[in-house]
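Q: Please take a close look at the disulfide in this predicted model. Where does it sit in the chain, and what surrounds it in the nonpolar core?

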Amino acid sequence: QVQLVESGGGLVQPGGSLRLSCAASGSIFSINAMGWYRQAPGKQRELVAATTSGGSTNYADSVKGRFTISRDNAKNTVYLQMNSLKPEDTAVYSCNLDIIRLGVPRAHSYWGQGTQVTVSS
């Protein structure tokens, strides 16, 4: 069994910052890619940022220079530091981890429960 728990969402004023966390627990052997996605009302889910096990990162053009994804492999946790937030960043943010479980030969994709981020004055 694997569980993902997200935290850190909330209401923030434009220009403010938030830090999201996504911690995985359970029978984990290793974690490959980690990513953050978001879905705003009436829009499709989009990739915000991702990081590989080797530390490479990629970002959506709309968040480059403002958001930073990082990971703590010892804690099986991925973070998303969001700075200079804009109203258009308002969405439900969900983490996605590519996890290899103990005793299972290949990786599977797991999703967090989602956390609401609202940017408004």
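A: A disulfide is here a pair of cysteine sulfur atoms within 2.5 Å. Chemically, a disulfide is a covalent bond between the sulfur atoms of two cysteines. In this predicted model, Cys-22 and Cys-95 meet that criterion, with their sulfur atoms 2.0 Å apart. A search of the whole structure returns 1 disulfide. The bond joins distant parts of the chain: Cys-22 belongs to strand E3 and Cys-95 to strand E9, and the two residues are 73 residues apart.

The geometry of the bond can be stated further. The torsion about the S-S bond of Cys-22 and Cys-95 is about 55°, and the disulfide is therefore right-handed. As for solvent exposure, Cys-22 has 0% relative accessibility and so counts as buried. Cys-95 likewise counts as buried, because its relative accessibility is 0%.

The two strands that carry these cysteines also take part in the largest nonpolar core, since strand E3 (18-26) and strand E9 (91-101) are among the elements giving two or more residues to it. That core has 30 residues, and E9 gives the most to it, with 5 residues. Other contributors of two or more residues include strand E1 (2-7), strand E4 (28-39) and strand E8 (77-82). Among the residues with the most contacts inside the core are Leu-4, Trp-36, Tyr-93, Leu-97 and Ile-99. Ile-99 touches, among others, Val-2, Leu-4, Ala-24, Ile-28 and Ile-31, when residues up to four places away in sequence are not counted.

Methods
Residues are numbered from 1 along each chain as its sequence is written. This is a predicted model: local features need pLDDT of at least 70, side-chain atom pairs count only at pLDDT 80 or more; totals for chains, interfaces and linings use all residues. Side-chain values use heavy atoms; hydrogens and water are left out. A nonpolar core is a set of buried Ala, Val, Leu, Ile, Met, Phe, Trp, Tyr and Cys residues joined through side-chain atoms within 4.5 Å. Buried means under 20% relative accessible area, exposed over 50%, partly exposed in between (1.4 Å probe, protein chains only). Helices (H or I, at least four residues) and strands (E, at least two) are DSSP runs, numbered from the N terminus. Contact means heavy atoms within 4.5 Å.
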